[in-house]
Every structure is written in structure tokens, then in C-alpha cells.
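Take a moment to turn the model around on your screen before reading on. The walk-through below goes piece by piece, so keep the view handy.

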Amino acid sequence: MNISEIAPDVYRFSIFVPEINLRFNQFLVKDEEPLLFHTGMKGIFPLVREAVAKIINPSDLRWVGFSHFEADECGSLNEWLEIAPNAAPLCSLVGAMVSVNDFASRPAKGLTDGETFSTGKYNFRFVQTPHLPHCWEAGSLFEETSQTLFCSDLFHQNGDVEAFTESDVMGNVRESMIAMQSSPFADYMPYTNSTERNLQKLAALNPQTIVPMHGSAFSGDGAQALRDLGIVMREVLVT
Ligand SMILES: [Fe+2]
Ligand SMILES: [Fe+2]
């Protein structure tokens, strides 16, 4: 498990799975109300817990957030709720009502589009993006102080790539999308009639750092990167 601080008090825990040539990233925001974004699969819970314990006391965790209901997003949600008595799941209102409140051992804070909350020094805005990257309940989390976008599977990059980069990741994003399209996972990311509108909503936030679940976090003109992503998605996914 690689641990790196990708922004002040924002830690990335990353595990590389060579069989599928892919990194899985979990993020810890160390603040008055510590937030873990993506738990990773249940199978790697001991590794993620050990990594979190290097930064904070895991039982102090307050929020366990994720974009949509999948194992790499929230597989060990209940394990976290068990060891952190004040922690609550944090997801979209749709996610809470459709899956999480039934699955989780404690009820979720279900966020509506544009809803804001603070963890202390950091201020977050939830952006609802149905079916982007995938799943009805999907959304992204934007931290407004540092202009950081936690974007889940968007900007998916294959390979054992670095934690953080200032160089262009779109080449890898495009190649990874093409590789996915010719694999059994061809329908990983749909291109729907709301894809462009959702990407524009994210671009309007003007993120300066983009933090994907799979691949390198990167800094730069995030709005341009999101517009570029729209072009790549249309090119690769619309046949
Ligand atoms: Fe996903
Ligand atoms: Fe994922």
C-alpha cells in the first residue's frame, strides 16, 4: 500500500493489482471531522485500516464517502462503521435511499445536488452526476478551499502510475478507455444524453486538482481536462 500526501492533509492510499494492471486509490482528508473517500474492497480493509492508522486514529473517522455503490467504492463500509463509532456513510440521497441505508449498519447522510458541508477547514460540495462515471446514484465531491475534485472512476488510467503528476494524463485516459472497450468490461462507462451536461457541471467548478480512484491525481486546468474528457468519451464510446 503506497501512502502519499497529494494535498495538505489529503492522503492517498493506493494498492496496485498487477493481474489487471490497475491502481485502486482511497483518500483520507485529515480534518476536525476526518473523511475517508472510497473504502476499497472488503478484501483490502486490513491494509487500508493500517494505512489510515499511520495518519489518524481509525476510530476517529467521522465520514465514509463514495460516489456510487460498488465494492471498490464502499465494500468495507460496514467494517469502518464497526471500528469508528461516530462514522456515518456519506453518499448521494439516491444512493442512500436505493442501496446504502439497507446495506449499511448505520444510516447515511444522503446528499442532494449542490449540497455543501464542512469537515472543519475543508468545505465540500456534492455534485450529482447520474450515470457518470456509472450508476444512477453517482456523484463527485468537490473541495472548495483547495479546488480539488474527487471524481471516482472519471479519468481512469491503467498501469502502475505515479501518485501525482502535473503532466497531461489524457493520453493514458484515452488508451485505457479504448482498452476497456475491447475487453469484457466494454460497458464500464456509458455515454448518455446527460454525459455532456454532467461534465459541464463539473467543469464549472473550475477544479485545480483532479483526484481519480484509478491512476494519478493531477493538477492544472481541470475545466479544460473535463472538456477534453467529454471529447475522448464521445470519440471512444459513441460508435
Ligand atoms: Fe465504479
Ligand atoms: Fe472504481
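Let's start with the face of α1 that turns away from its buried side: there you'll find P46 and A53, both exposed. This is a predicted model, by the way, so everything here describes a prediction. Now roll the helix over. Within α1, which covers residues 45–53, the buried residues are V48, A51 and V52. Looking down the axis of α1, you'd see these buried residues fall within an arc of 100 degrees, so they line one face of the helix. There's a general rule at work in helices: an α-helix has 3.6 residues a turn, so residues three or four places apart point the same way.

What sits over that buried face? The cover for the buried residues of α1 includes four strands, β1 (2–7), β2 (10–17), β3 (22–29) and β4 (35–37).

Those strands belong to something wider. They are part of an open sheet of seven strands, in the order β1-β2-β3-β4-β5-β6-β7, with mixed pairing. At the edges are β1 and β7 (109–111), each of which pairs on one side only. Going from one strand to the next, the twist averages 25 degrees. Back to our helix for a second: α1 packs on this sheet, where it touches β1, β2, β3 and β4, and its direction makes about 150 degrees with that of β2.

As a general reminder, strands of a sheet pair through backbone hydrogen bonds, either parallel or antiparallel. Which sense do we get where β4 meets β5 (residues 63–65)? The two pair in the parallel sense, over three bridges, and L35 stands opposite W63 in β5.

Keep moving along the sheet. β5 and β6 also run parallel, joined by three bridges, with G65 standing opposite L90 in β6. β6 (88–92) is a mostly covered strand, as four of its five residues are buried. On to the edge: β6 and β7 run parallel too, and three bridges join them. One spot to look for is S92, whose bridge partner in β7 is L111.

Another helix joins in here. Together, β6, α4 and β7 make a right-handed β-α-β unit. Helix α4 takes up residues 93–103 and packs on the sheet, touching β6 and β7, while its direction makes about 115 degrees with that of β6.

Now jump back to where the chain begins. M1 lies in the segment before β1. Is M1 buried, exposed or something in between? M1 has 16 other C-beta atoms within 10 Å, which means that it counts as partly exposed. Apart from neighbours within four places in sequence, M1 is in contact with F13, S14, I15, L47 and A51. That last one, A51, is among the buried residues of α1 we began with. For a sense of distance, try C151: this residue is 150 places along the chain from M1, and their C-alpha atoms are separated by 21 Å.

Finally, let's look at the inside. The largest nonpolar core has 58 residues, and the ones touching the most other members are F27, L36, V64, I210 and L229. Helix α7 (residues 222–237) gives the most to this core, with four residues. If you zoom in on L229, leaving out residues up to four places away in sequence, you'll see that L229 touches L154, F155, V173 and L199.

Terms used: Residues are numbered from 1 along each chain as its sequence is written. Chains are lettered from A and ligands numbered from 1 in the order in which they are written. This is a predicted model: local features need pLDDT of at least 70, side-chain atom pairs count only at pLDDT 80 or more; totals for chains, interfaces and linings use all residues. A residue is buried if 20 or more other C-beta atoms lie within 10 Å of its own, exposed if 12 or fewer, and partly exposed in between; C-beta atoms are placed from the backbone. The arc is that of the directions from the helix axis to the C-beta atoms. Two residues are in contact if their C-beta atoms, placed from the backbone, lie within 7 Å. Two strands pair if DSSP finds at least two bridges between them. Axes are lines fitted to C-alpha atoms, for helices over the stretch in contact, and angles run from 0 to 180 degrees between N-to-C directions. A nonpolar core is a set of buried Ala, Val, Leu, Ile, Met, Phe, Trp, Tyr and Cys residues joined through C-beta atoms within 7 Å. A crossover is right-handed if, with the strands pointing away from the viewer, the path from the first strand over the helix to the second runs clockwise.
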